[in-house]
Structure formats: C-alpha cells, structure tokens
Amino acid sequence: MNIKTPYIWKNWKFIKWEDAMDHNLTHSLHYWTWVFEWIRFYPTSAWPKIFRLKEHIERLFYSASILELKIPFSKEEIIQAHINLVAKSWVESWYLRPLIYYWTGKMWMNPEWAKVETVISAWNWGKYLADKAIDVKISKYKRIHPETADMNAKVSGWYYNNVLVSLEVKKENFDEGLLLDTNWFIAEWPGENIFFIKWNKMYTPEVWTILPWITRATIIQVVKEKLNIEVIEEKISPERLEDFDETFFVGTAAEVTLIWSITYNSKKIDFISWNKDSLSNKIKDIYFDIVYWRDEEYIKWLS
Ligand code: PMP
C-alpha cells in the first residue's frame, strides 16, 4: 500500500507530503491525545461520493469534545475540507483520515494549553480485509471497560487494545480477532462491529463496550427497510456461536466482510455466510449498491 499522497489538508491549507511533519515533543505522540475518523469515498457514475460524511464529522466532533480539543473550524468547514481534498486527489484515493490533535508547546498531562492541529489525509486503501470469507479467533484480550473510557468516542488512546489483538491473531495466522467484553460477552473486533443470523433473524451485541456509530446503524436501518428484518440488540455469549448460521463484520473500512469461521477456546465453528444465496451475501450486495450509488433510495448518505 502506497500512502504517499501528493496533498495533505492542514489547517485550511493543502501542504505537500514532505511538509507534513511534527515534532517528537508533540503532546499527542506522548499521551495519545488525538481523535480521528476512518471515512471511505467511492467512484460512482458521476463525481466520487463520500459515504455518510456528515455522520463521521458528528462523531469526530463528539470525540474531540471528550478530550476537550477545541477544533478551530466549524462542522460545515470540516465537511467542505473533505470534499475539497477529494476533488484535489480523488484519482488515486479511496480513503480519508481526519486527525485532530494536541501539538507541542507544553508537556504536562493536562493538554489545555497545547495548540490544536487539524489534518486530513487521503490515500488508496483498497480492501481492508481480504475479499473472501475470513477466519477469526476470539482474542485473549478483553475490550476496554466503558467505565475506563468513553467508548462512543474514537480516541487514539483506546486503540492500543485493538493493536494488541491484531498482533496476537496475526501470529497465529488468523485473519482477524474478535473481542469479548470484561463480562465475557461478544463485543466487536478491533475495527468493526459484528452481526449474526439464525432463521432469518439478526442479532448484534448491544451498545456497551462497542463503537456503535455508522455502518452498524446503516445495516440495522437498511435490513429493516429493504428486507423487513428486525435486528435484536442484546448480550451474546460465545457459547451461542454454534447456534448461528451466518455472521459478518461491518465497518467503514471493512464494509461488509463475511466470516467463514470463529475459533473459541481452540474450537473452530464454521458458518455458511459465504453460500451463494446466504442472507449475508444479500446484505453485502445491498450495502455496495448504496455506497456506489447504484441505489437511488439512499443518495442522502452520499456527499
Ligand atoms: N469499532 C471500532 C473499534 C472501530 O474503530 C470502527 C471503525 N471506525 C468500528 C467499530 C466501526 O465503526 P463505523 O462503522 O462507525 O466506522
């Protein structure tokens, strides 16, 4: 993956890759005091379209408020900045990463005097996971307890948990890891939410330790409106895995990724998500029709 792109948007200016450097005494580098978003845009029959940009910017501002980062731009300006960056570099880039952080100046833990920086990068990130059904393992690490952090916010500090899981499962040749919460119920995986299917009913972990915002909400709404299927949000214990027929991950980066197997306590449980006429496959097709604007009904989600 080549992430060297010609332009980075920084504080309302386009700067060159070479000029996008920060000091090693940047507050955020030391204390993980930055917030970010993963946003995708897609080539469509017209101009490239950014999927659910407004909702991503809502979350970005919410996350910033948790760290008391005062963004020196309005939500509308940040939305426009993303559109401008796509217009400048869309030929190569299918992925947007806004990042807001405390810059250098003071190194106390309390960051309130540090200057706030706002940057947006765009690069070509194809598929996040392989375009095949994937093998997953339940990690030995548990998802951070919600009393230790605000789990609705996308703050870099929380991601050390995800990095540990990724390191663990890759060593054992799994494609991804799945996290339980500290009460041993299924939470999510390092960057996405999870759904299960049994007899045309859908299930997903309730909101507690998960990051619940964009793709999860999209899927819940769309399966209701298009397939008339209600999603049950509840606690799901790993012992129930064998009851489910299908399962898939959803998220901005991984989109809809079908799961082949989940290994828990050395036992491998297989799913039929990848079967040609599975419900998971149908949902995947619906999702891609929406993001590529082949479905007019959800045009309001494309910028
Ligand atoms: N959980 C975590 C920890 C994530 O980082 C992401 C990706 N932002 C998701 C879930 C899925 O979030 P969304 O679909 O709202 O981007």
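These questions and answers walk through a predicted model of one chain.

Reader: How many helices and strands does the chain have?
Author: The model is predicted. Its secondary structure divides into helices and strands. The count is six helices and 16 strands.

Reader: What is the radius of gyration of the chain, and what does the globule rule give?
Author: The globule rule gives 19 Å for 303 residues. The chain comes close to that, so it is as compact as a globular protein of that length. Its C-alpha atoms fill a box of roughly 55 × 45 × 30 Å along the principal axes. The radius of gyration is 20 Å.

Reader: Which domains does the assignment give?
Author: The chain is assigned two stretches, 7–123 and 134–298. Their C-alpha centres lie 26 Å apart. In order, the stretches are domain 1 and domain 2.

Reader: Which element gives the most to the side of domain 1 that touches domain 2?
Author: The contact takes 21 residues from domain 1 and 14 residues from domain 2. On the domain 1 side, strand S3 (34–36), strand S4 (39–42) and helix H2 (53–66) each supply at least two residues. By class, that side has eleven nonpolar, four polar and six charged residues. The top contributor, with six residues, is H2.

Reader: Is strand S14 largely enclosed or open, and how many of its residues are buried?
Author: S14 covers residues 246–251. Glu 246, Phe 248 and Val 250 point one way, while Thr 247, Phe 249 and Gly 251 point the other way. Both sets are buried. The strand is largely enclosed by the rest of the structure, because the buried count is six of six.

Reader: What stands opposite Glu 246 in S14?
Author: S14 runs antiparallel to strand S11 (residues 193–198). Five bridges join these two strands. The residue facing Glu 246 is Ile 197.

Reader: Which strand forms a hairpin with S14?
Author: The partner pairs with S14 in the antiparallel sense over four bridges. Gly 251 stands opposite Glu 255 of that partner. Three residues lie between the two strands of the hairpin. The partner, residues 255–264, is S15.

Reader: Which residues come nearest the ligand?
Author: There are 13 residues around the ligand. They divide into four nonpolar, five polar and four charged. The nearest are Leu 211, Ile 214, Thr 215, Gly 251 and Thr 252.

Reader: Which helix gives the most to the shell around the ligand?
Author: This helix covers residues 214–227. It supplies three residues of the shell. The helix is H5.

Reader: What is the phi of Trp 184?
Author: Most residues other than glycine have a negative phi. Trp 184 is not a glycine, yet its phi is positive. Its place is in the loop between strand S9 (176–180) and strand S10 (186–188). The value is about 70 degrees.

Reader: Is Trp 184 buried or partly exposed?
Author: A residue needs 20 or more other C-beta atoms within 10 Å to be buried, and 12 or fewer make it exposed. Trp 184 has 13, so it falls in between. The class is partly exposed.

Reader: Is Asn 200 buried or exposed?
Author: Asn 200 sits in the loop between S11 and strand S12 (201–205). Its phi is also positive, near 65 degrees. It has 10 C-beta neighbours inside 10 Å, and the limit for this class is 12 or fewer. Asn 200 therefore counts as exposed.

Definitions and conventions: Residues numbered from 1 in each chain as written. Predicted model: local features only at pLDDT ≥ 70, side-chain atom pairs only at ≥ 80, totals over all residues. Rg over C-alpha atoms; globule rule 2.2 N^0.38 Å. Domains from an automatic or database assignment. Contact = placed C-beta atoms within 7 Å. Nonpolar A, V, L, I, M, F, W, Y, C, P; charged D, E, K, R; others polar. Pairing = 2+ DSSP bridges. Near = placed C-beta within 6 Å.
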